[in-house]
Amino acid sequence: MLLQHFERTTTDRLLLRAVRENDLDAVFALHSDPTTNRFSRHGYMETLDDARRVMGLWLEDWARDGVGYWLVERLEAPGVVVGLGGLRHKELEGQRVLNLAYRFTPETRGSGYATEVSRVALALAARHLPHVPLVAIIHPENAASIRVAERLGMRLDRHITEDDIQNRVYVIG
Ligand SMILES: CC(C)(COP(=O)(O)OP(=O)(O)OC[C@H]1O[C@@H](n2cnc3c(N)ncnc32)[C@H](O)[C@@H]1OP(=O)(O)O)[C@@H](O)C(=O)NCCC(=O)NCCS
């Protein structure tokens, strides 16, 4: 399946582009910040090797599925990664789903970037991958993330436990 429309797109303020090999430092910077990753299932990254391993998976997503996580740059500041967003396929309770993610630098919080990026992801998924259920897996105390999901029109569907952590599963409308 060729899904070029996912690889690179823009919004009014942002460039969304597939993660690539030379993003290692940007991925590490975003994921090694303890506050940003307070609710991440695996906590925050401590070494570049952690980033390398995760990036390996994300590069494979793009090569195999034609869809995966984006890194996000501001159009007014090209080349500077401010966050991550978008969709990757994931196995959840034996079902193949699209997992929606958003994670931004502390400096850009409150700017609505997560919502802006996710709206594009939801629209692309509705158009090109309508048969794959789309979920957002959110820690019950992650109030900002829950607000974003609700603003996107997602609703709490159920709870799941992965690695002994109970999270909420939000689904579309
Ligand atoms: C989730 C995240 C991407 C949202 O960023 P953002 O789009 O800049 O979101 P905002 O700062 O605009 O906040 C979204 C909403 O949550 C509210 N909010 C933010 N922090 C909050 C908090 N600590 N407690 C309660 N509400 C909070 C905001 O008031 C806003 O609601 P409003 O628009 O009704 O005022 C960002 O907080 C982030 O990167 N967090 C770390 C990574 C993460 O947890 N990702 C999600 C994993 S599921």
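The questions below concern the shell around the ligand and the pairing of strands in a predicted model.

Residues are numbered from 1 along each chain as its sequence is written. Local features need pLDDT of at least 70 and side-chain atom pairs count only at pLDDT 80 or more, whereas totals for chains, interfaces and linings use all residues.

Student: Which element gives the largest share of the shell around the ligand?
Tutor: A residue counts as near the ligand if its C-beta atom, placed from the backbone, lies within 6 Å of it, and of the 19 residues around the ligand, Gly110, Ala114, Ala143, Ala144 and Arg147 come nearest. Two or more residues come from each of strand S5 (95-104), helix H4 (113-128) and helix H5 (143-151), where helices (H or I, at least four residues) and strands (E, at least two) are DSSP runs numbered from the N terminus. The largest share, 5 residues, is given by H5.

Student: Which strand is joined to S8 by 4 bridges?
Tutor: Two strands pair if DSSP finds at least two bridges between them, and S7 (residues 154-162) pairs with S8 in the antiparallel sense over 8 bridges. The antiparallel partner of S8 (residues 165-172) that is joined to it by 4 bridges, with Ile137 standing opposite Val169, is S6 (residues 134-138).

Student: Which residue takes a positive phi in the hairpin of S7 and S8?
Tutor: In this antiparallel pair, Glu162 stands opposite Ile165 in S8. The hairpin has 2 residues between the strands, and the residue with a positive phi near 50° is Asp163.
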